[in-house]
Amino acid sequence: RWGVPDDEPALCAVRPRREGYGHHFEQGHLLIVGELDGRVTSFNWFEVGEWHESRANGYRFRLGPDAAWAFGFEVEPAARMSGIFHKHWIEALRLLGERGCRAVYGSIQADNPRSVNSHRRLGFEMLYLYRVLRCAGLTRHTVREGGPEGRIVAAGFGCWEGRAAP
């Protein structure tokens, strides 16, 4: 179901955050929560708009008019490995589709093979492999199209502006 600001205590029960989650609502992010036995056991956020910007990682990604950026997926520790991740995503994609969303993008840590494989089973595909190296206050990046063996589409210092797939 769609989440509301009143869900914040339940979100903090799944994954405590000192600063809470209210700032996401203030920024216009959409929340989808999954429930099991009447309690919130999973949630994730979606950003809609023309661009997603990650200041921390030095990139902007063009979403396009009918797309969303997924982030902040959490599952209650006791519910992990129960299949709720897949059920949550299937319902989230349905809800987003009802709002006119035709594409969902996000980033996954490449060193988390369980998450990468789970997303692939759901039909997600890797558009880019983005590597970041930070040292002494400098950030250097390399972007490969489609994964580790893809052609380099950006490298260097500063902001990479990605694009949505055709």
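Okay, one term before we start: two residues are in contact when they have heavy atoms within 4.5 Å of each other. Hold on to that, we'll need it for a couple of residues later. And please keep in mind that what you see above is a predicted model.

Let's start with the overall build. The chain has four helices and ten strands. If you walk along from the N terminus, the order goes α-α-β-β-β-β-β-α-β-α-β-β-β-β. So how does the radius of gyration of the chain fit with a compact globule? For 166 residues, such a globule would come out near 15 Å, and the chain has 17 Å, which agrees. As for its extent, the C-alpha trace spans about 50 × 35 × 30 Å along the principal axes.

Next, inside and outside. Of the 166 residues, 37% are buried. The accessible surface comes to about 10100 Å², and carbon and sulfur atoms account for 51% of that. On the charge side, you can count 22 positive and 20 negative side chains, with the centres of the two sets 7 Å apart. And here's one on contacts: take those between residues at least 6 apart in sequence, and 49% of them join residues at least 24 apart.

Now have a look at the strands. Which way do β2 and β5 pair? They're antiparallel, with six bridges, and the strands cover residues 39–48 for β2 and 67–75 for β5. One pair you can look up is Val 48, whose bridge partner in β5 is Ala 68. Strand β5 also pairs with β6, residues 103–106, but that pairing is parallel, with four bridges. There, Ala 70 has Gly 106 in β6 as its bridge partner.

On to the loops, and two residues with a positive phi. The loop between β1 and β2 holds Asp 37. Asp 37 isn't a glycine, yet its phi is positive, about 55°. Is Asp 37 buried or exposed? Its relative accessible area is 74%, and the cut-off for exposed is over 50%, so Asp 37 counts as exposed. The other one is Met 81, in the loop between β5 and α3. Met 81 has a phi near 70°, again positive and again not a glycine. With a relative accessible area of 69%, Met 81 is exposed as well.

Last stop: two strand residues, and this is where contacts come back. Arg 134 sits in strand β7, which runs over residues 128–135. At 46% relative accessible area, Arg 134 is partly exposed. What does Arg 134 touch, if we skip its neighbours within four places in sequence? The answer is Ala 56, Asn 57 and Thr 139. Now compare Arg 134 with Gly 146: they're twelve residues apart along the chain, and their C-alpha atoms are separated by 23 Å.

Then there's Glu 35, in strand β1. Glu 35 is partly exposed, at 42% relative accessibility. Skipping neighbours within four places again, Glu 35 is in contact with Arg 1, Val 40 and Thr 41. And how far is Glu 35 from His 88 in space? Although their positions lie 53 residues apart in sequence terms, the C-alpha to C-alpha distance is 8.9 Å. Try finding that pair in the structure above, and then look for Arg 134 and Gly 146. That's it from me, thanks!

Definitions and conventions
Residues numbered from 1 in each chain as written. Predicted model: local features only at pLDDT ≥ 70, side-chain atom pairs only at ≥ 80, totals over all residues. Heavy atoms only, no water. Rg over C-alpha atoms; globule rule 2.2 N^0.38 Å. Buried < 20%, exposed > 50% of the residue type's maximum accessible area, 1.4 Å probe, protein only. Areas by Shrake-Rupley, 256 points an atom, 1.4 Å probe, with all protein chains shown as cover. Lys, Arg positive; Asp, Glu negative; His and termini not counted. Charge placed at Lys NZ, Arg CZ, Asp CG, Glu CD. Pairing = 2+ DSSP bridges.
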